[in-house]
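Colleague: I'm new to this one. Can you walk me through it?
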Amino acid sequence: MKYIEKDTIVALATPLGRGAIAVVRLSGQDSLAIVNRLLVRKIGKADVRRAVFSDLIAADSGELIDQVVVTYFQAPASYTGEDVVEISCHCNPLIIDRIISQAVQQGARVAEPGEFTFRAFLNHKLDLSQAEAVAEVIDARTSQSLKQSLHHLEGRLSEKIAAIKNELLDCLSLLEISLDFSEEDLEIIPPEQLRERLTRVVNRIQSFLKTYAYGRLLENGARLLIIGKPNVGKSSLLNLLLGKERAIVSDLPGTTRDYIEAGMQLDGIYIQAVDTAGVRQTRDQVESMGIQRTLELLKTADVALAMFEGHRALDADDQEMLRIIQAHCKETPFVLVVNKADLGVREEALEPLRALELPLVTLSVKEERGLDALKAAIRKALIQEDVGDSEEVVITSARHRAVLEAVVEALGNALQSLQQGAPEEVVALDVRVALDRLGEITGETTPEDVLRHIFSNFCIGK
Amino acid sequence: MSTIYDIVVAGGGHAGIEAALAAARLGLKTALVTLRKDTIGKMSCNPAIGGLAKGHLVREIDALGGEMAKIIDATGIHFKMLNRSKGPAVWSPRAQADRLAYMKEAQRRVLSQPGLTVIEGSVNGLVVKQGRVAAAVLEDGSVIPCRALILSAGTFLNGRIHIGLSNFESGRAGEKAVKGLTEQLRALGFETGRLKTGTPPRIHRDSIDYSKVIEQVPDNPPTPFSFQTEKIDRPQLSCYITYTTAETHEYLRAGLDRSPLYTGVIKAVGPRYCPSIEDKIVRFADKGRHQIFLEPEGFDNPEVYVNGFSTSLPEDVQLAALRSVPGLERAHIIRLGYAVEYDFFPSFQLKHTLETKLVENLYFAGQINGTSGYEEAAAQGLIAGINAVLKLLDREPLVLDRSEAYIAVLIDDLINKTILEPYRMFTSRAEFRLLLRQDNADLRLMEKGYRIGLLPEPVYERMLRKREQIRELERYLQDHSLSPERFNPLAERMGSAPIRVSTPLRQLVKRPEIRLSDLLALMEDAAAFPREVVAQVEFSTKYEGYLKRQQDLVEKFRRMENRVLPEDLDYDRVPSLSAESREKLKQIRPRSLGQASRISGVRHSDIAVLMVYLEKYHRDRDYVSRETVS
Ligand SMILES: Cc1cc2nc3c(=O)[nH]c(=O)nc-3n(C[C@H](O)[C@H](O)[C@H](O)COP(=O)(O)OP(=O)(O)OC[C@H]3O[C@@H](n4cnc5c(N)ncnc54)[C@H](O)[C@@H]3O)c2cc1C
Ligand SMILES: Nc1nc2c(ncn2[C@@H]2O[C@H](COP(=O)(O)OP(=O)(O)OP(=O)(O)O)[C@@H](O)[C@H]2O)c(=O)[nH]1
Ligand SMILES: [Mg+2]
């Protein structure tokens, strides 16, 4: 562990391969000096928290490495509490590597995993729950996701958990009163009431847990696959969704030979859309390999759009599609898309599709009709659980989920003990465990806290 | 030159008695210096021993070879096992004592102890030579040389009694305060603080209208405190319950302008769990009535203790308020309630043996460490007494850990928690509550009491036999089954599901509704097991899962305890500690990471920091030692 040293560290702060810009971060007292040795336009104290454009060059040869934007955060008003310099460069692995190795040549050390956060933590910039949220900020690729993470930072999750903690503290106090103050003239909580209150807590936490899938979606984004026979308009749809001409469109079937990927946003969710080569019945080896490829892609997709044409009856290629859908609709959510509605929609085309009992949207890419309905259907397919108001807390961290699941489990045990009429000290044990686990997100609850809660809420004392 | 004592105990209260008896019994030449012989063992407040969590302490004191349990067994007039409707982990014995008889019995034991000299006097100073205690200096100027000194002065150091707005120096009603000692200790570098406690008025038993109060009868038969007491056959007395009225609260409220508490005359903090009656009506104004226990103080003593009515209001208010309580209309007050303020020494200044860190061979025990209660005092007295001896004899100290005894929870909390009010024991303070039962104090601690030399061999051997029987019964449950024909009638009676095939007893006991004694009654070949043995096995089988979990936590706890912090650790050199934590760590100098994590004010992030620092510390160490080798 090199964590304890107070030297200057450097690392890539954004994940590789996402977006056009990468951020290289330095933290420590020499950050500014080191970076200045690499900049043509030097940064001074006057530049605190200002984005400065500059060429970044190799200190030894003077060779240009990249044109960058540099921001200087002065200690202690920075993420880590130390002097921090952030360099925004082009997201090219070669460029990133060269910048980092230049910094190292000038005296920085490559950071250990999580070391920035660790320093922030050591400098009391973060509590545990916030430390986690910061990792999510770094990872955030879309506006909504960022908003979520900022909520964490503002202690939104902490706030919700604090309310739960308080309720559990109250329940535990009631149990402890019945044990430590049974001689007092106090009303003892009936087991039934305790059960109701604990059950309510469990339900509340479970409603948080339900947001995890959505949270992960905000975190990781989703992969959307467009499949269908040649010429149904898959590439056209991709372009429409992207709002730009990414894929080649032509009236020749088989235009797209290999899959094409592109990133986009849908209601704040980052979506990686994949346009595929058309599926058709074939004996052609190359073609059937293409289909094989499509089936592989299907496995990694979070949602698949299966495209058809509405103006004529299904043909043999469409039948092949139906077979694929039937074989995979258990693992992958499908949305059936009936395109070219501008040419008319025939009942013979719709009939067999309705029989699949999957969400179905009719649209015209050409006339840009039906896009809202399609987006709604995609969103619904991705987020099965109703997560309610997204202003509420959404759980995005696996650790938080694990903690909350452990809390639910402990409370489940407590409820079971209550059910079996086990003595209060046994029930209390699990409520304690639940509180201890919650403490991993917010602060811990000591026996002293429990007593304090009792003394301030109940008239104790013979 | 006067005699040199190995150990001088200053203060013959509940702490001092245990300390002095332990020291003398372990063969050291011991003197108990106390203000008056005839107040040794006096119960300053409520004439009761035990109660929730405190009963556990008494049983542990007994298992280690202490005295308190035996004294109360000999003088109790109202025994009750509290929490009987709860699980066995929180059952707690309690008994009202015949106050005078208790004191006399304590005195008899102390005065007849060979090797123990009792000296009347007031210890007002110490002689410290080269950082080590060398003698006690009495008020009259005489010097008692000693090798170790245990201070157990209770509420007497600069004690000040308050009744209404008048106050005067006194350590306890009718007794003088001790002056000068605190000042000398402060000059030696000790930190001191001030606490407050109070006591209710005593009324004459014949002035109570018994038709208006609710009788509370004691347990029959009474359960003894001591593992060495066969049975108790003293006659028993009832207690009575009544309640305050709206009128009572009026009187009390009208007197608040003459309350030392509410006019700021008393500045020290009293216990929140033991508030005065005036405190209760102010803080819980919407509570219509407060419960009052009328507890007789003995057969020959007409005084009745008005439990729940602790007060420092002036006499006229006390009387008017009392007389508005049903049954007390004609109450005659024998002694007024009062509050007392006194000096204490925050216990971060102590080691876990209760020896002070500043002065070698000086020990603090009892109320002066910020606790309240006879049991808490006695427990500390015993530990201080034992450790003073062990140290003089160059033997290993007795330091219990939190998974072994409430006594350890008590001492560890005193050292690590910031004491803001008098500390008393609660079962909720013990994180291993299910393991620390009053019914297994013998199994937990007698081995230690015996090895130290305080617990008589036959008693120890009885415990070993009990342990063996427990194993036997456990084996029996494992090896024997009941057939459906035999078991199902019982199942039906108890509302339990019938069985279809022969089932091991062990499995049947696990059913919450089935009692082990009922199962054993169905077995023809079962040897007769004593009740305590059946109870132990029944609990450990029924709650096996929970006990296992507590045991796992104990392992985890021990691992943290075993991560020892280096004695030479310089907290000023640990980067990034919060200022508060750094102060606390420097002050307490915890032995282990585990202890560090229990210090109030030390944040979790600081423990992470310490972990990181320890890691570095050890690496540097390794590095250095490797370098010097090569
Ligand atoms: C007014 C009052 C109210 C209380 N209320 C409560 C309560 O509500 N709840 C509760 O749990 N406990 C209460 N207690 C506390 C309980 O009485 C004590 O905790 C317990 O007695 C402490 O035991 P100890 O051995 O530490 O000291 P004590 O029992 O006070 O004994 C001290 C002994 O030392 C002697 N002594 C003192 N100084 C010297 C000296 N310098 N030299 C020689 N001898 C000395 C005294 O004569 C006395 O015999 C109260 C005590 C008082 C006085
Ligand atoms: N009338 C009409 N034509 C459309 C619509 N959508 C796409 N087309 C036309 O259909 C033809 C095929 O479109 P593409 O997007 O290339 O189809 P594809 O599914 O990607 O085809 P392959 O890549 O060959 O599998 C083009 O001529 C599009 O202009 C629509 O909604 N209405
Ligand atoms: Mg195409």
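Modeller: Here is a short tour, starting with the ground rules.

Modeller: This is a predicted model, where local features need pLDDT of at least 70, side-chain atom pairs count only at pLDDT 80 or more, and totals for chains, interfaces and linings use all residues. Residues are numbered from 1 along each chain as its sequence is written, chains are lettered from A and ligands numbered from 1 in the order in which they are written, and side-chain values use heavy atoms, with hydrogens and water left out.

Colleague: Let's start with strand β2 of chain A. Is it mostly covered or mostly open?

Modeller: Mostly covered. Of the 7 residues in β2(A), residues 21–27, 6 are buried. Buried means under 20% relative accessible area, exposed over 50%, and partly exposed in between, with a 1.4 Å probe and protein chains only. Strands are DSSP runs of E, at least two residues; helices are runs of H or I, at least four; both are numbered from the N terminus.

Colleague: Which strands pair with β2(A)?

Modeller: Strand β1 of chain A, residues 9–12, pairs with β2(A) in the antiparallel sense over 4 bridges. Strand β5 of chain A, residues 84–90, pairs with β2(A) over 7 bridges, also antiparallel. Two strands pair if DSSP finds at least two bridges between them.

Colleague: Which residues are bridge partners there?

Modeller: A:A11 has A:R25 in β2(A) as its bridge partner. A:V24 is matched with A:I87 in β5(A).

Colleague: New topic. What holds the magnesium ion, ligand 3?

Modeller: Its protein donors are A:S235 (OG) and A:T256 (OG1), at 2.1 to 2.2 Å. A:S235 is in helix α8 of chain A, residues 234–242, and A:T256 is in the loop between α8 and β8 (260–266) of chain A, 21 residues apart. Donors are N, O and S atoms within 2.8 Å of the metal (3.2 Å for Na, K and Ca); water is not among the atoms, so sites may look incomplete.

Colleague: Are those two donors buried or exposed?

Modeller: A:S235 is buried at 8% relative accessible area. A:T256 is buried too, at 12%.

Colleague: How many salt bridges are there over all chains?

Modeller: The search of the whole structure finds 67. A salt bridge is a side-chain nitrogen of Lys or Arg within 4 Å of a carboxyl oxygen of Asp or Glu.

Colleague: What does B:R549 bridge to?

Modeller: A:D430, with the closest N and O atoms 2.5 Å apart. B:R549 lies in helix α17 of chain B and A:D430 in helix α14 of chain A, residues 424–438, so the pair joins two chains. B:R549 is partly exposed at 29%, whereas A:D430 is buried at 1%.

Colleague: And B:R202, what is its partner?

Modeller: B:E297, at 2.9 Å between the closest N and O atoms. B:R202 is in strand β13 (residues 202–204) and B:E297 in the loop between β16 (291–296) and β17 (303–307) of chain B, so the pair ties together parts 95 residues apart in sequence. B:R202 is buried at 1%, and B:E297 is buried at 0%.

Colleague: Back to α17 of chain B. What does B:E561 touch?

Modeller: Leaving aside neighbours within four places in sequence, B:E561 is in contact with B:R591, B:S592, B:G594, B:Q595 and B:R598. Contact means heavy atoms within 4.5 Å. B:E561 also forms a salt bridge with B:R598, 2.9 Å from N to O.
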